[in-house]
Amino acid sequence: MRITDIQRCEVRPGRLVEWALSPATVTVAAGLPEDPRPPAYLQESHIRTARTVHEDGLFVPTWIGTAFDIPGSVDLDALQDALRSWTLRHETLRSGFRWEGDEMRRFTLDADDVSLHREDIGDFTDAGRLVQHLQDRFDAVASALRWPNFLYAAVIRDDGTSLYIAFDHSNVDSYSIQRMPAEIHELYTAAVEGRPVEEPPVGSYVDFCEIERADADRIDVTHEIVGRWREFIRRGDGRFPNFPVELGLEPDCALPRQKMMRELLVDSDAAAAFESYCRPFGGSLVGVLAATSLIVHEIGGQPVYRSVVPFHTRVKSKWSNSVGWYVGGAPIEIPMDQAPDLASALKAVRAELQANRAMARMPLARVLRLLGEDFRPTSPDAYSIVSFVDARGIPGSERWDELAAYGLVRVSYGDKVCIWLNRLHEGLWFTCRYPDTDIAYKNMRLYVERLRDVILTVAAEQRASELAPHELAG
């Protein structure tokens, strides 16, 4: 699924209809007793950060979402049934938090108490006005600072309907988002045809939060993982890494606005050849990180490429189809004097990931609490990321282009660089958000062009090496 912002996802005019949890559902939620299952450390850190940034005088939207089409004339009652069924399938969407002093307490609705309220907003004849309305609504509703914190919207036209769905990040991750088009299409088709959908139970992210937190709370400051994070932070001068090129950031200034950059990096043939070359070292993720280490050293001159690599934490099959935020981070450090070329960088990255990947299963917020560091969050992103996902195996991915399916991220404020590389059927897509400065734009453009060059060069060499034996045999 191509990742973009709402300004670049083919929004077309039409009649806008919205669904949110009904007032009756919200009233029931207000009177619920505490659910003893705690927030995940990641959820708690996210919500506390949003509150801290807001207290500092800046509202930073934190929603992510999806957009996709439903072809043909739409049955709104069937679509509402499908959206409610999908909501009930994933317990985190009927669970929220309230503050008691400085503590977050969970509450969770029973499925029977969940209903959706539909509102016909009206006709939009101008795409720009519609985009602004959707963004404003998602900013207001799909927020870490409120509950309910998600919203469904449909834009209805004669030739079909486009769905736009946004959630505060505490409920969902990229994999959750990318599964939605196929799941909701299936539920909608079943509702139109008046038949049930037989599916095995889906694991609850709320249960995962309880299990993960209990495991994390068993470690103390003497644990090996805590020590390894302590040393990583110390070697970074007490900070988590930003993207190691000049970004034009002024010290001690307010969070800058961000911009988005997105494009098809290489086609499917080049992406496949690059994958083939990198496979002995662990695949395209290793290749992308190795190439990145060389490129940013060339641009920025840092002697060590230091980064935190995101990994999913769906370590058991029961979480595979669950909606939630199943993500952790693992640190890597590549001394560039030991990895001066791609072959050596591939080996170094592979060794770092093999040694450190398991660290992603331990919530970083728990580690920081044990370290006792004063990491008062001032930015919605703790560190910069370079993320690679091969999304071709996700159900329905072969129809994403046909259905104009996108993953949506909100670009607003931040001093970090977040890069997402998605391997799709048509090729390798690049998306990033970065601080809106001239020098950051210049260096990120340089990074993108150099990354494309590296992949295309490797791909050409790989294809040549694969052809050579056949030519000799001929």
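Is tyrosine 326 buried or exposed, and at what relative accessibility? In this structure, which is a predicted model, tyrosine 326 has a relative accessibility of 0% and therefore counts as buried. The paragraphs below begin with the sheet and return to this residue among the aromatic rings.

The sheet is an open one, built from seven strands that follow the order S1-S13-S3-S8-S7-S2-S6 with mixed pairing. Its edges are formed by strand S1, residues 2-4, and by strand S6, residues 116-124, each of which pairs on one side only. From one strand to the next, the twist averages 20 degrees. At the S1 edge, three bridges connect S1 with strand S13, residues 406-409, and these two strands run parallel; within this pairing, arginine 2 has tyrosine 406 of S13 as its bridge partner.

Two helices can then be placed against these strands. Helix H4, spanning residues 127-141, packs on the sheet and touches strands S2 (14-21), S3 (63-71), S6, S7 (150-157) and S8 (160-168), while its direction makes about 160 degrees with that of S7. Helix H5, spanning residues 174-193, lies across S3, S8 and S13, and it runs at about 40 degrees to S3.

Turning to the aromatic side chains, the count of aromatic pairs comes to 17. One of these pairs joins tyrosine 277 and phenylalanine 281, whose ring centres are 6.5 Å apart and whose planes meet at 40 degrees, so the pair is classed as tilted, given that planes under 30 degrees apart would count as stacked and those over 60 as edge-to-face. The two partners fall into separate accessibility classes: tyrosine 277, at 25% relative accessibility, counts as partly exposed, whereas phenylalanine 281, with a relative accessible area of 15%, is buried, the limit for burial being under 20%.

Tyrosine 326, the residue of the opening question, has its ring paired with that of tryptophan 319; the centres lie 6.2 Å apart and the planes are at 35 degrees, so this pair is also tilted. Here tryptophan 319 counts as buried at 4% relative accessibility, and tyrosine 326 counts as buried at 0%. Elsewhere, ring pairs link Trp86, Phe150, Tyr152 and Phe167 into a cluster.

Aromatic rings also have charged groups placed over them. The charged end of arginine 213 sits over the ring of tyrosine 41, at 3.8 Å from the ring's centre, and arginine 306 lies over the face of phenylalanine 232, at 6.0 Å from the centre of that ring.

Definitions and conventions. Residues numbered from 1 in each chain as written. Predicted model: local features only at pLDDT ≥ 70, side-chain atom pairs only at ≥ 80, totals over all residues. Heavy atoms only, no water. Phe/Tyr/Trp six-rings, centres within 6.5 Å; stacked < 30°, edge-to-face > 60°. Buried < 20%, exposed > 50% of the residue type's maximum accessible area, 1.4 Å probe, protein only. Lys NZ or Arg CZ within 6 Å of the ring centre and 35° of its normal. Pairing = 2+ DSSP bridges. Helix = DSSP H or I, 4+ residues; strand = E, 2+ residues; numbered from the N terminus. Axes fitted to C-alpha atoms, helices over the stretch in contact; angles between N-to-C directions. Contact = heavy atoms within 4.5 Å.
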